[in-house]
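Subject: Handover of a structure

Dear colleague,

Please find the structure below, followed by a summary of what was found in it.

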Amino acid sequence: MTNREKMHSGDIYYPSGDDIMIEQLQCLDKLYDFNMTRPTELKKRAEMLKEMFAEIGEDCYIEPPLHANWGGKHVHFGKAVYANFGLTLVDDTHIYVGDYTLFGPNVVVATAGHPIDPELREKAYQYNMPVHIGKNCWIGAGAVIVPGVTIGDNVVIGAGSVVTKNIPSNVVAVGNPCRVLREIGEHDKEYYFKNRKIDYDNL
């Protein structure tokens, strides 16, 4: 199995072979150009993201700067995904994000890890595990999602959380390590923040 194949198999591999690096640098050049766009160049940004990402649905918006190991080459976004400033996608293998998911500022989604054994780390070996994030999630500011994690649909991940294990659908989860705090329910249809009620008549 080649190093390129091992990138997506979960096996330990050496990530700095010449052929891999050449392709990665080309992706990073595109990412650099995206981050240099002007705020008014919305159409240009959308067109660039379609070239950079493995898949990206309609009405997605990513606020530069975006950071990504492969410039989004292994990232799959559904439709109407929104990312605030400073999203970091360690996309050495695939990242999947469902429709209508929101990312707060400075979220990290990482697929790459390194062996605990120091001798292997010294030789720069790594492994990659895909990340899956469901539909209509809200990932709070500064959250970190580690390799191999799956987050269900309609999930809220609290700001600053470190998600090390799978999170089921329809819950609020917070903390380091991130744990389910409660299910999303009828209370959330009435209140949007603490004791503030949703005024449906004026929405």
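β18 and β19 pair in an antiparallel manner through four bridges; two strands are said to pair if DSSP finds at least two bridges between them. Helices (H or I, at least four residues) and strands (E, at least two) are DSSP runs, numbered from the N terminus. The model is a predicted one, in which local features need pLDDT of at least 70 and side-chain atom pairs count only at pLDDT 80 or more, while totals for chains, interfaces and linings use all residues. Residues are numbered from 1 along each chain as its sequence is written, and side-chain values use heavy atoms, with hydrogens and water left out.

Strands and sheet

Within the pair just described, valine 174 has arginine 179 in β19 as its bridge partner. The hairpin of β18 and β19 has four residues between the strands, and glycine 175 takes a positive phi near 105° there. The loop between β18 and β19 (179-183) also holds proline 177, and the peptide bond that leads to proline 177 from asparagine 176 is cis, with omega near 0°. β18 has a further partner in strand β16 (residues 156-157), to which it runs parallel, joined by two bridges; isoleucine 157 is matched with alanine 173 of β18.

An open sheet is formed by five strands in the order β3-β6-β9-β14-β17, with parallel pairing. Its edge strands, β3 and β17 (162-163), each pair on one side only. Two bridges link β3 in the parallel sense to strand β6 (residues 88-90), and histidine 67 is opposite threonine 88 of β6.

Nonpolar cores

A nonpolar core is a set of buried Ala, Val, Leu, Ile, Met, Phe, Trp, Tyr and Cys residues joined through side-chain atoms within 4.5 Å. Buried means under 20% relative accessible area, exposed over 50% and partly exposed in between (1.4 Å probe, protein chains only). The largest core comprises 37 residues, and Phe77, Phe103 and Ile151 have the most contacts inside it. At least two residues each come from α2 (18-35), α3 (42-52), β4 (75-77), β7 (95-97), β12 (131-133) and β18 (171-174). α3 gives the most, with three residues. Another core, of five residues, lies apart from it and includes Met7, Ile20, Cys27 and Trp70.

Leaving aside residues up to four places away in sequence, phenylalanine 103 touches ten-membered company that includes Phe77, Val97, Ile133 and Ile139; contact means heavy atoms within 4.5 Å.

Loops

Proline 64 and proline 65 are joined by a cis peptide bond, with omega about 5°. Proline 65 is in the loop between β2 (61-62) and β3 (67-68). Aspartate 59 has a positive phi, near 65°, although it is not glycine; its place is the loop between β1 (55-56) and β2. Aspartate 59 counts as exposed because its relative accessibility is 69%.

Largest pocket

On a 1 Å grid over the protein atoms alone, a pocket is an open set of points where a 1.4 Å probe fits, with protein on both sides within 12 Å along at least five of seven lines; lining residues have an atom within 4 Å of a point. The largest pocket has a volume of about 530 Å³, the volume being the space filled by probe spheres set on the points. Of its 20 lining residues, Trp138, Val172, Arg182, Asp188 and Tyr192 lie nearest its centre.

Yours sincerely
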